[in-house]
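Colleague: I'd like a close look at one part of this protein, if you have a minute. Here is what I have on screen.

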Amino acid sequence: MGDKLKSSGRKSKAGESQTDQKLSKVTTTRLRRSNTDLAVLFAGALLVADAVLVSLIIAYVPYTKIDWDAYMSQVTGFLGGERDYSKLEGDTGPLVYPAGFLYVYSFIQYITGGSVHPAQVLFGFMYIINLAIVFFIYIKTDVLPWWALSLLCLSKRVHSIFVLRLFNDCIAMTLLHAALATLLYQKWWLGLIVFSLAVSIKMNVLLYAPPLLLLMLKAMDISGTIVALGGAAMVQILLGFPFLVSYPVAYISGAFNLGRVFIHFWSVNFKFVPEPIFVSKTFAVSLLLVHLGLLAAFSHRKWCKHEGGILKVLHAVYVSTVSSFPLRQLYAYGTTSKSLKEEHIVTTMFAGNFIGIVCARSLHYQFYSWYFFSVPYLLWKTRFPTLLRIALFAIVECCWNVYPSNSYSSAILLCVHLLILWGLWIAPPEYPYVDDKTPSRKKKN
């Protein structure tokens, strides 16, 4: 009798435990939906408010002449029939961007007549479109509380980059964010094509390439990844075709020059480094090695932790490719075999790019747009208290608004970057797959 009572007591406790778990899940789901609903409404209000702010900036803040005239001069040479990249020059020097830049700015020149004010209006619309895409990414991942979305609208420098400077960085990053939004739906082929279009505007987008390649290998096998990469390469070939068939060496060396040395005066991050060291090849190689080392460490210990490390991921991808290759049809190449969680995709992409930012030899003022829109997300992926997150965000913004940059501002910026990177390192990694049955180590971890 006593055993029966004990058994029934255990069953009732187990039932209560299961009920509590179900209630907890329901409560969590409701809270997430509530946060999502508030975030959508708040994001809409922010877009309207920021559109008004952008209009006021265009109307009342003087335009800053930097690269626009050079862009228009380079485009005019291209439209005039010049195909030798070494001869497409402006007042800032020869053209150093891939061919997509020329097509986009030719279109901008066509619809604006080369005038600054209509171009500012166009870039104002682009700023709002980019902000809407970023809001979509943030709401989709549900990492930030709804009120923290306001941080994405608070950068004086980023507003200036978009509507007072008209840099091509703005177009490249808008396309990059569009590619990232596409990846959240597991559309790897389409996402990679949009990614390639972003690269054709400016090569800084390649900082996202290592984490993107890792995600593709995890979502598809090697054959699918190769075919998708082939599609991205075809985009570059088609865009650069007029130059590749006429002056291929001038185009490749000019548009894809990875060895450029930036001027020390304009550096925002390593201004405290003496100029002879700053321009030296040793310093550049050292930063590259640190960059590669950090990517390897994060790949092994953070982005592939649940699979047992980067080597086991690569081995599993190889085995999957070899075993399925005879059964594959050409039309099936590149299809998704595993669905990755949206949060894992965004975290890996943003963190991988941020590692490149930390290790970049020179960050000019317009380069802030390369990672500003990821800063709140990365801060909320750390375990830092909310007040510290906001303080770090404010310090980063202040450092980017010191003009000209000095040893103190650049040293502080580097320290904050390293602190954020450390916070990402000690934070627990999210489980990468939508299907809980995919990796065998989930229960162990």
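Where is Val-61 found? Please take it slowly and tell me what surrounds that spot, too.

Modeller: Sure! Keep in mind that this is a predicted model. Val-61 is found in the loop between α1, which covers residues 2-60, and α2, which covers residues 68-79. Is it buried or exposed? Neither, really: Val-61 has a relative accessible area of 35%, so it counts as partly exposed, since buried means under 20% and exposed means over 50%. Val-61 also belongs to a nonpolar patch on the surface, together with Val-48, Val-52, Leu-56 and Tyr-60. Taken together, those five residues have about 510 Å² of accessible area.

For contrast, have a look at Thr-141, in helix α4, which runs over residues 116-141. Thr-141 has a relative accessibility of 7%, so this one is buried. If you skip the neighbours within four places in sequence, Thr-141 is in contact with Glu-342, Glu-343, Val-346 and Tyr-377. Its side chain also reaches the backbone oxygen of Tyr-138, at 3.0 Å.

And how far can you trust the picture? The mean pLDDT of the protein chain is 89, with 87% of the residues at 70 or more. Two stretches to watch out for are residues 327-335, where pLDDT stays under 50, and residues 437-445, where pLDDT is below 50 as well. The model still gives residues 327-335 13 contacts beyond four places in sequence, and residues 437-445 have 14 beyond near neighbours in sequence. Where pLDDT is low, though, don't read the predicted coordinates in detail.

Conventions:
Residues numbered from 1 in each chain as written. Predicted model: local features only at pLDDT ≥ 70, side-chain atom pairs only at ≥ 80, totals over all residues. Heavy atoms only, no water. Helix = DSSP H or I, 4+ residues; strand = E, 2+ residues; numbered from the N terminus. Buried < 20%, exposed > 50% of the residue type's maximum accessible area, 1.4 Å probe, protein only. Polar contact = N/O pair within 3.5 Å; in protein donor to acceptor, adjacent residues only side chain to side chain. Contact = heavy atoms within 4.5 Å. Patch = residues over 30% accessible without salt bridge, like charges linked within 9 Å, V, L, I, M, F, W, Y side chains within 5 Å. Areas by Shrake-Rupley, 256 points an atom, 1.4 Å probe, with all protein chains shown as cover. Salt bridge = Lys/Arg side-chain N within 4 Å of Asp/Glu carboxyl O. pLDDT = per-residue confidence, 0-100.
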